[in-house]
Amino acid sequence: MQLKLVRHLWGITEPWEVVFPRIQASGYTAIEAPLPTTGDQVRFGALLEKYHFDYVALVQTTGTTMADHMASFRDQIARSLSFQPLLITSHSGYDSWDAQTNAAFFTQALELESTLAVPVAHETHRGRILHHPWITSRLLDQFASLRLCCDLAHWVVACERLLETETAIIAQCAERCIHIHARVGYEEGPQVPDPRAPEYQRHVVAHEGWWEQIWERQAARGDKVSTLTPEYGPPNYIHTLPYSQMPVANVWEICDWQAQRQATRFRQFYPDPE
(Lines give C-alpha, C1' and ligand atoms only; values in the text may rest on other atoms or scores of the structure.)
Protein backbone atom coordinates (compact mmCIF):
# COMPACT_ATOMS: atom_id res chain seq x y z
CA MET A 1 0.00 0.00 0.00
CA GLN A 2 1.20 3.48 -0.87
CA LEU A 3 0.37 6.82 0.75
CA LYS A 4 -0.82 9.64 -1.50
CA LEU A 5 -0.41 13.10 0.04
CA VAL A 6 -3.19 15.52 -0.86
CA ARG A 7 -3.01 19.33 -0.47
CA HIS A 8 -6.10 21.40 0.19
CA LEU A 9 -6.59 24.91 -1.20
CA TRP A 10 -8.51 26.21 1.83
CA GLY A 11 -7.42 29.74 2.65
CA ILE A 12 -4.97 30.04 -0.23
CA THR A 13 -5.30 33.41 -1.93
CA GLU A 14 -2.38 33.30 -4.33
CA PRO A 15 -3.07 32.31 -7.95
CA TRP A 16 -3.09 28.59 -8.67
CA GLU A 17 -0.29 29.16 -11.17
CA VAL A 18 1.89 30.21 -8.23
CA VAL A 19 0.84 27.65 -5.63
CA PHE A 20 0.55 24.48 -7.75
CA PRO A 21 4.30 24.18 -8.45
CA ARG A 22 4.99 24.89 -4.77
CA ILE A 23 2.57 22.14 -3.77
CA GLN A 24 4.15 19.72 -6.23
CA ALA A 25 7.65 20.53 -4.95
CA SER A 26 6.50 19.71 -1.40
CA GLY A 27 5.67 16.12 -2.38
CA TYR A 28 1.91 16.26 -2.81
CA THR A 29 0.40 14.39 -5.74
CA ALA A 30 -3.24 15.46 -5.47
CA ILE A 31 -5.37 18.54 -4.81
CA GLU A 32 -8.51 18.58 -2.62
CA ALA A 33 -10.88 21.47 -3.17
CA PRO A 34 -14.48 22.41 -3.94
CA LEU A 35 -15.45 22.61 -7.58
CA PRO A 36 -14.07 25.68 -9.33
CA THR A 37 -16.47 28.32 -10.56
CA THR A 38 -17.71 28.00 -14.12
CA GLY A 39 -15.25 30.57 -15.39
CA ASP A 40 -12.29 28.78 -13.79
CA GLN A 41 -13.05 25.20 -14.77
CA VAL A 42 -10.88 25.03 -17.87
CA ARG A 43 -7.98 26.76 -16.14
CA PHE A 44 -8.23 24.48 -13.09
CA GLY A 45 -8.39 21.34 -15.20
CA ALA A 46 -5.41 22.43 -17.28
CA LEU A 47 -3.31 23.05 -14.16
CA LEU A 48 -4.23 19.68 -12.68
CA GLU A 49 -3.01 18.09 -15.91
CA LYS A 50 0.12 20.23 -16.15
CA TYR A 51 1.30 19.29 -12.66
CA HIS A 52 0.04 15.68 -12.85
CA PHE A 53 -2.25 16.11 -9.85
CA ASP A 54 -5.11 13.81 -9.02
CA TYR A 55 -8.23 15.61 -7.86
CA VAL A 56 -10.22 15.00 -4.69
CA ALA A 57 -13.49 16.85 -5.19
CA LEU A 58 -15.07 18.41 -2.10
CA VAL A 59 -18.87 18.49 -2.09
CA GLN A 60 -20.67 20.69 0.45
CA THR A 61 -24.42 20.19 0.44
CA THR A 62 -26.64 23.23 0.95
CA GLY A 63 -30.28 24.17 1.40
CA THR A 64 -33.03 24.37 3.99
CA THR A 65 -34.60 20.95 3.48
CA MET A 66 -33.34 17.43 2.95
CA ALA A 67 -34.56 17.62 -0.65
CA ASP A 68 -32.48 20.78 -1.14
CA HIS A 69 -29.35 19.13 0.25
CA MET A 70 -29.94 16.03 -1.87
CA ALA A 71 -30.38 18.15 -5.01
CA SER A 72 -27.12 20.01 -4.32
CA PHE A 73 -25.36 16.69 -3.65
CA ARG A 74 -26.53 15.32 -7.00
CA ASP A 75 -25.58 18.51 -8.84
CA GLN A 76 -22.08 18.76 -7.37
CA ILE A 77 -21.41 15.06 -7.89
CA ALA A 78 -22.43 15.36 -11.54
CA ARG A 79 -20.25 18.43 -12.12
CA SER A 80 -17.25 16.91 -10.37
CA LEU A 81 -17.20 13.91 -12.71
CA SER A 82 -15.95 16.04 -15.60
CA PHE A 83 -12.62 16.31 -13.71
CA GLN A 84 -12.34 12.51 -13.35
CA PRO A 85 -11.74 12.75 -9.60
CA LEU A 86 -9.80 10.14 -7.70
CA LEU A 87 -12.24 10.52 -4.82
CA ILE A 88 -15.16 12.70 -3.71
CA THR A 89 -15.48 13.91 -0.13
CA SER A 90 -18.80 15.24 1.10
CA HIS A 91 -19.95 17.53 3.89
CA SER A 92 -23.36 15.91 4.02
CA GLY A 93 -26.63 17.23 5.34
CA TYR A 94 -27.31 19.07 8.56
CA ASP A 95 -26.73 18.33 12.23
CA SER A 96 -30.27 19.11 13.45
CA TRP A 97 -32.00 16.51 11.28
CA ASP A 98 -33.82 13.66 12.95
CA ALA A 99 -33.04 10.00 12.38
CA GLN A 100 -35.69 9.61 9.70
CA THR A 101 -34.34 12.52 7.67
CA ASN A 102 -30.76 11.29 8.01
CA ALA A 103 -31.81 7.86 6.79
CA ALA A 104 -33.71 9.33 3.86
CA PHE A 105 -30.66 11.35 2.80
CA PHE A 106 -28.26 8.41 2.91
CA THR A 107 -30.73 6.09 1.22
CA GLN A 108 -30.79 8.42 -1.78
CA ALA A 109 -27.10 9.36 -1.64
CA LEU A 110 -25.89 5.76 -1.52
CA GLU A 111 -28.24 4.76 -4.32
CA LEU A 112 -26.59 7.43 -6.47
CA GLU A 113 -23.11 6.40 -5.35
CA SER A 114 -23.79 2.81 -6.41
CA THR A 115 -23.92 4.03 -10.02
CA LEU A 116 -20.57 5.86 -9.87
CA ALA A 117 -17.11 4.66 -10.76
CA VAL A 118 -15.56 7.02 -8.18
CA PRO A 119 -15.90 6.47 -4.42
CA VAL A 120 -17.61 9.02 -2.18
CA ALA A 121 -16.47 9.59 1.42
CA HIS A 122 -18.87 11.33 3.82
CA GLU A 123 -16.94 13.42 6.32
CA THR A 124 -17.19 13.29 10.11
CA HIS A 125 -17.73 17.04 10.31
CA ARG A 126 -19.36 19.39 12.81
CA GLY A 127 -22.57 20.95 11.58
CA ARG A 128 -23.27 17.94 9.37
CA ILE A 129 -25.07 14.62 9.81
CA LEU A 130 -21.94 12.84 11.06
CA HIS A 131 -21.14 15.45 13.69
CA HIS A 132 -20.60 13.10 16.62
CA PRO A 133 -19.57 9.47 17.16
CA TRP A 134 -22.87 7.91 18.21
CA ILE A 135 -25.01 9.08 15.32
CA THR A 136 -22.24 8.00 12.94
CA SER A 137 -22.10 4.54 14.53
CA ARG A 138 -25.84 4.07 14.18
CA LEU A 139 -25.75 5.09 10.51
CA LEU A 140 -22.81 2.78 9.79
CA ASP A 141 -24.86 -0.04 11.29
CA GLN A 142 -27.83 0.96 9.15
CA PHE A 143 -26.00 1.46 5.85
CA ALA A 144 -23.43 -1.17 4.93
CA SER A 145 -22.11 0.80 1.93
CA LEU A 146 -21.60 4.12 3.78
CA ARG A 147 -17.94 5.17 3.51
CA LEU A 148 -16.17 7.84 5.51
CA CYS A 149 -13.67 10.62 5.34
CA CYS A 150 -12.41 10.61 8.92
CA ASP A 151 -11.66 14.04 10.35
CA LEU A 152 -11.78 13.03 13.99
CA ALA A 153 -10.56 16.42 15.18
CA HIS A 154 -14.18 17.51 14.86
CA TRP A 155 -15.30 14.87 17.32
CA VAL A 156 -12.60 15.76 19.84
CA VAL A 157 -13.97 19.28 20.21
CA ALA A 158 -17.60 18.18 19.92
CA CYS A 159 -17.12 15.67 22.75
CA GLU A 160 -14.55 17.77 24.67
CA ARG A 161 -12.28 14.76 25.12
CA LEU A 162 -9.84 12.56 23.23
CA LEU A 163 -12.53 9.92 22.68
CA GLU A 164 -10.95 7.51 25.18
CA THR A 165 -14.36 5.95 25.83
CA GLU A 166 -15.23 5.50 22.14
CA THR A 167 -12.58 3.03 21.00
CA ALA A 168 -15.19 0.65 19.55
CA ILE A 169 -16.68 3.42 17.40
CA ILE A 170 -13.22 4.53 16.24
CA ALA A 171 -12.56 0.94 15.16
CA GLN A 172 -15.92 0.81 13.40
CA CYS A 173 -15.09 4.02 11.52
CA ALA A 174 -11.65 2.69 10.57
CA GLU A 175 -13.39 -0.20 8.80
CA ARG A 176 -15.25 2.25 6.56
CA CYS A 177 -12.70 5.05 6.17
CA ILE A 178 -11.38 5.67 2.65
CA HIS A 179 -9.80 9.12 3.19
CA ILE A 180 -8.11 10.85 6.14
CA HIS A 181 -8.15 14.54 7.01
CA ALA A 182 -5.04 14.60 9.18
CA ARG A 183 -5.64 17.58 11.42
CA VAL A 184 -5.10 17.40 15.17
CA GLY A 185 -7.87 18.77 17.36
CA TYR A 186 -8.07 19.32 21.10
CA GLU A 187 -10.78 19.55 23.72
CA GLU A 188 -11.57 23.20 23.03
CA GLY A 189 -11.07 23.41 19.28
CA PRO A 190 -10.84 21.51 15.99
CA GLN A 191 -7.22 22.57 15.41
CA VAL A 192 -4.39 22.83 17.92
CA PRO A 193 -2.51 26.12 17.55
CA ASP A 194 0.65 24.27 16.49
CA PRO A 195 0.93 20.44 16.48
CA ARG A 196 4.72 20.72 16.81
CA ALA A 197 4.42 22.28 20.28
CA PRO A 198 5.19 19.98 23.24
CA GLU A 199 1.97 20.84 25.08
CA TYR A 200 -0.09 19.20 22.31
CA GLN A 201 1.87 15.98 21.89
CA ARG A 202 -0.70 13.82 23.68
CA HIS A 203 -3.26 15.05 21.14
CA VAL A 204 -0.90 14.30 18.26
CA VAL A 205 -0.25 10.79 19.60
CA ALA A 206 -3.98 10.10 19.98
CA HIS A 207 -4.81 11.17 16.44
CA GLU A 208 -1.88 9.25 15.00
CA GLY A 209 -3.12 6.13 16.75
CA TRP A 210 -6.49 6.54 15.02
CA TRP A 211 -4.84 7.06 11.64
CA GLU A 212 -2.77 3.91 12.20
CA GLN A 213 -5.99 1.95 12.79
CA ILE A 214 -7.35 3.26 9.50
CA TRP A 215 -4.18 2.28 7.65
CA GLU A 216 -4.36 -1.21 9.18
CA ARG A 217 -7.92 -1.72 7.99
CA GLN A 218 -7.16 -0.32 4.53
CA ALA A 219 -4.22 -2.71 4.19
CA ALA A 220 -6.38 -5.60 5.38
CA ARG A 221 -8.96 -4.73 2.70
CA GLY A 222 -6.25 -4.87 0.08
CA ASP A 223 -6.30 -1.16 -0.75
CA LYS A 224 -3.39 -0.19 -2.98
CA VAL A 225 -3.42 3.52 -2.08
CA SER A 226 -4.26 5.45 1.09
CA THR A 227 -5.01 9.16 0.75
CA LEU A 228 -4.28 11.78 3.41
CA THR A 229 -4.87 15.54 3.51
CA PRO A 230 -3.11 17.52 6.29
CA GLU A 231 -6.12 19.81 6.61
CA TYR A 232 -4.89 22.65 8.80
CA GLY A 233 -6.88 25.77 8.06
CA PRO A 234 -6.34 29.51 7.91
CA PRO A 235 -7.67 32.06 10.42
CA ASN A 236 -9.91 31.68 12.28
CA TYR A 237 -9.17 27.94 12.37
CA ILE A 238 -5.59 28.70 13.25
CA HIS A 239 -5.33 30.86 16.35
CA THR A 240 -4.52 34.55 15.94
CA LEU A 241 -3.15 37.16 18.30
CA PRO A 242 -5.61 39.69 19.71
CA TYR A 243 -5.76 43.08 17.99
CA SER A 244 -3.21 42.29 15.26
CA GLN A 245 -4.99 39.10 14.09
CA MET A 246 -1.61 37.65 13.18
CA PRO A 247 -1.60 33.82 13.00
CA VAL A 248 0.34 32.17 15.81
CA ALA A 249 1.94 29.72 13.34
CA ASN A 250 2.48 29.30 9.61
CA VAL A 251 -0.23 27.13 8.04
CA TRP A 252 1.95 26.16 5.07
CA GLU A 253 4.70 24.96 7.40
CA ILE A 254 2.28 23.02 9.58
CA CYS A 255 0.62 21.29 6.63
CA ASP A 256 3.97 20.30 5.16
CA TRP A 257 5.27 19.17 8.56
CA GLN A 258 2.20 17.00 9.07
CA ALA A 259 2.36 15.56 5.56
CA GLN A 260 6.01 14.57 5.83
CA ARG A 261 5.65 13.27 9.38
CA GLN A 262 2.81 10.96 8.31
CA ALA A 263 4.66 9.88 5.16
CA THR A 264 7.62 8.87 7.32
CA ARG A 265 5.40 7.03 9.79
CA PHE A 266 3.50 5.31 6.99
CA ARG A 267 6.72 3.93 5.50
CA GLN A 268 7.59 2.40 8.87
CA PHE A 269 4.45 0.26 8.62
CA TYR A 270 4.30 -0.14 4.82
CA PRO A 271 7.79 0.24 3.32
CA ASP A 272 8.13 1.17 -0.32
CA PRO A 273 8.66 -1.96 -2.41
CA GLU A 274 12.26 -2.36 -3.52
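## Exercises on pockets, a helix face and cysteines

The strand β8 gives the largest share of the lining of the second largest pocket, 3 residues. The model is predicted: local features need pLDDT of at least 70, side-chain atom pairs count only at pLDDT 80 or more, and totals for chains, interfaces and linings use all residues. Residues are numbered from 1 along each chain as its sequence is written, and side-chain values use heavy atoms, without hydrogens and water.

**Exercise 1.** Describe the lining of the second largest pocket.

*Step 1.* Fix the term. A pocket is an open set of points on a 1 Å grid over the protein atoms alone, where a 1.4 Å probe fits, with protein on both sides within 12 Å along at least five of seven lines; lining residues have an atom within 4 Å of a point.

*Step 2.* Take the volume, the space filled by probe spheres set on the points. The second largest pocket has about 230 Å³.

*Step 3.* Assign elements, which are DSSP runs: helices (H or I, at least four residues) and strands (E, at least two). Two or more lining residues come from each of α8 (201-221) and β8 (225-229).

*Step 4.* Name residues. Among them are L86, P119, I178, R221 and K224. The lining divides into 5 nonpolar, 3 polar and 3 charged residues.

**Exercise 2.** Describe the largest pocket in the same way.

*Step 1.* Its volume is about 400 Å³. Of its 23 lining residues, L9, W10, A33, P34 and L58 are the closest to the centre.

*Step 2.* β2 (30-34), α2 (41-50) and β3 (54-60) each give two or more residues to this lining. The largest share, 3 residues, is from β2.

*Step 3.* By type, the lining holds 10 nonpolar, 6 polar and 7 charged residues.

**Exercise 3.** Which residues of helix α1 are buried, and what covers them?

*Step 1.* Buried means under 20% relative accessible area (1.4 Å probe, protein chains only). In α1 (16-25), W16, V19, F20 and I23 qualify.

*Step 2.* Down the helix axis, these residues fall within an arc of 105 degrees, so they line one face.

*Step 3.* The cover includes β1 (2-8), β2, α2 and α9 (251-269).

**Exercise 4.** Why do C150 and C255 form no disulfide?

*Step 1.* A disulfide needs two cysteine sulfur atoms within 2.5 Å.

*Step 2.* The closest cysteine sulfur to that of C150 is in C177, at 3.6 Å, too far for a bond. For C255 it is in C149, at 14 Å, also too far.

*Step 3.* The count is 0 disulfides.

Technical notes:
Nonpolar A, V, L, I, M, F, W, Y, C, P; charged D, E, K, R; others polar. Buried < 20%, exposed > 50% of the residue type's maximum accessible area, 1.4 Å probe, protein only. Arc of directions from axis to C-beta. Contact = heavy atoms within 4.5 Å.
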